[in-house]
Amino acid sequence: MKKYESLDGLRAYAAIGIVMMHVLANIIIKPSSNYVTETIIPYFTNFTLLFMIISAFSVCCGYYERIKNGQIRPNDFYKKRYKRLLPFFGLMVIISVIMDHNYSALCEGFANLTLCFNLLPNPNISIVGVGWFIGTVFTFYLLFPFFTFLLDNKKRGLFVLFISLIFCYIAINYFSTSDFVVKKIDRVNIIYSAPFFICGGLIYLYKDKIYELVSKNYYLTLIICILLTILKFIFNNIDLFIIPDLILFSSWLIYAIGSHDRILNNKFTSYISKISLEIYLCHMMFYRVIEKCHLENIIDNNNLLYISTFFATIIGAIVFSHIIKFIVFPRTIDKLLK
């Protein structure tokens with residue numbers, strides 16, 4: 001068992017939660033109104049912020065020391081980032097451009113394929129709508145050498161986190177006004193998302209102590225995470241900036257670092273984690289396919305309709321992601337190399 005295998009569980013459940021949220025947000029006939037459908041599932045949209053924290057921690061595990069010590073060339077680092085993100089995302093972009101086949105789609109598709117579209121002053125791109133996350137994460141990759149400088153040591157890292165929170169607050173409450181931008185600054189903007197990436201990096205700096213502490217105090221850490229989660233939903237209507245999400249998702253990552261429970265560590269989460277990004281990118285395409293099947297003409301119960309639509313969407317996304325990532329791409333790449 002690898003040391004941080006529980007991170008697979010976080011990725012897997014986050015991907016599934018985002019699919020649940022998007023299906024609920026887009027389905028015309030809504031399920032019964034209750035706390036789950038009105039509060040819990042809609043909150044799953046914030047799992048993209050959890051992905052940011054996990055992404056920063058994971059990239060630090062592979063590259064922080066190597067970048068800091070000059071053991072990897074920029075060419076090698078960025079080639080691996082493009083290789084990880086571009087093939088499947090590029091496929092989704094091409095499919096979207098073909099389906100829309102207009103000038104706007106062509107321009108937006110070109111911007112997407114560079115992976116640098118988050119550098120635009122107004123990256124409001126509709127082609128692969130969920131692809132905004134790729135733009136934000138790739139901007140983090142572009143800044144990763146600078147990121148390692150900011151987190152050169154724990155003391156500086158804590159200071160940088162504090163500064164990033166102030167900058168984020170100012171960006172939202174001052175630079176997000178009509179005097180500066182048309183669109184409100186949110187998670188698409190790297191300044192807004194920076195505290196989450198920095199938190200992931202800070203947790204990496206403390207990873208050994210965290211692993212030892214959580215391993216020895218497993219149940220206590222679990223109870224703290226549960227309490228923080230409950231408190232988050234109890235006080236969900238109180239505006240406390242991004243602090244509650246930052247604390248909650250950081251606590252989940254801290255717990256996962258030293259946890260070996262079966263909920264986060266099993267064959268299902270390990271498998272879903274490997275295609276979690278692909279599921280995220282393609283699930284809306286399958287939702288649109290399911291939507292055209294008009295299941296509402298077959299299923300009368302609104303709750304059953306939502307559940308059926310969700311499972312049809314997630315299963316379609318899983319099958320498509322598996323075939324493309326593990327069968328089509330490897331064979332295609334092998335042929336190109338030959």
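A salt bridge here is a side-chain nitrogen of Lys or Arg within 4 Å of a carboxyl oxygen of Asp or Glu. By that criterion the structure, which is a predicted model, holds seven salt bridges.

One of these salt bridges lies in helix α1, which spans residues 6-26. The side chains of D8 and R11 meet there, with 3.1 Å from N to O. The two residues are three positions apart, about one turn of the helix. D8 has a relative accessible area of 7%, so it falls under the 20% limit and is buried.

The same pair leads on to helix α13, residues 267-274, where S273 is found. When neighbours within four places in sequence are set aside, S273 is in contact with D8, R11 and A12. S273 is also buried, because its relative accessibility is 8%. Its separation from Y13 can be given in two ways: 260 residues in sequence, and 8.5 Å in space from C-alpha to C-alpha.

Y13 also appears in the lining of the largest pocket, which has a volume of about 600 Å³. The lining comprises 23 residues, and L10, Y13, W252, I263 and L264 lie nearest the centre of the pocket. Which helix gives the most to this lining? It is α1, with seven residues. At least two lining residues each come from α1, α2 (35-43), α3, α11 (218-234) and α12 (243-258). Sorted by class, the lining has 19 nonpolar residues, three polar and one charged.

Helix α14 (276-292) takes part in salt bridges of two kinds, one within the helix and one to another helix. Within α14, R288 and E291 are three residues apart, about one turn of the helix. Their closest N and O atoms are 3.2 Å apart in a salt bridge. R288 has 36% relative accessibility and therefore counts as partly exposed. E291, at 28%, counts as partly exposed as well. Elsewhere, salt bridges that share partners join R84, E278 and K325 into one network.

Within that network, E278 forms a salt bridge with K325, and the closest N and O atoms are 3.7 Å apart. E278 belongs to α14 and K325 to helix α15 (residues 302-337), so the pair ties together parts that are 47 residues apart in sequence. Are the two partners buried or exposed? E278 is buried, since its relative accessible area is 4%. K325, at 23%, counts as partly exposed.

Helix α14 is also among the elements that surround helix α6. Of the 11 residues of α6 (residues 132-142), 10 are buried, so the helix is largely enclosed by the rest of the structure. The buried residues are W132, F133, I134, G135, T136, V137, F138, T139, F140 and Y141. What do they pack against? Their partners are α3 (47-68), α4 (74-100), α5 (103-114), α7 (144-150), α9 (190-205) and α14. Helix α3 thus has two roles in this account, because it packs against the buried residues of α6 and supplies at least two residues of the lining of the largest pocket.

Notes:
Residues are numbered from 1 along each chain as its sequence is written. This is a predicted model: local features need pLDDT of at least 70, side-chain atom pairs count only at pLDDT 80 or more; totals for chains, interfaces and linings use all residues. Side-chain values use heavy atoms; hydrogens and water are left out. Buried means under 20% relative accessible area, exposed over 50%, partly exposed in between (1.4 Å probe, protein chains only). Helices (H or I, at least four residues) and strands (E, at least two) are DSSP runs, numbered from the N terminus. Contact means heavy atoms within 4.5 Å. On a 1 Å grid over the protein atoms alone, a cavity is a set of points where a 1.4 Å probe fits but cannot get out, and a pocket is an open set with protein on both sides within 12 Å along at least five of seven lines; lining residues have an atom within 4 Å of a point. Grid points are joined across faces, edges and corners, and a volume is the space filled by probe spheres set on the points. Ala, Val, Leu, Ile, Met, Phe, Trp, Tyr, Cys and Pro count as nonpolar, Asp, Glu, Lys and Arg as charged, and the others, Gly among them, as polar.
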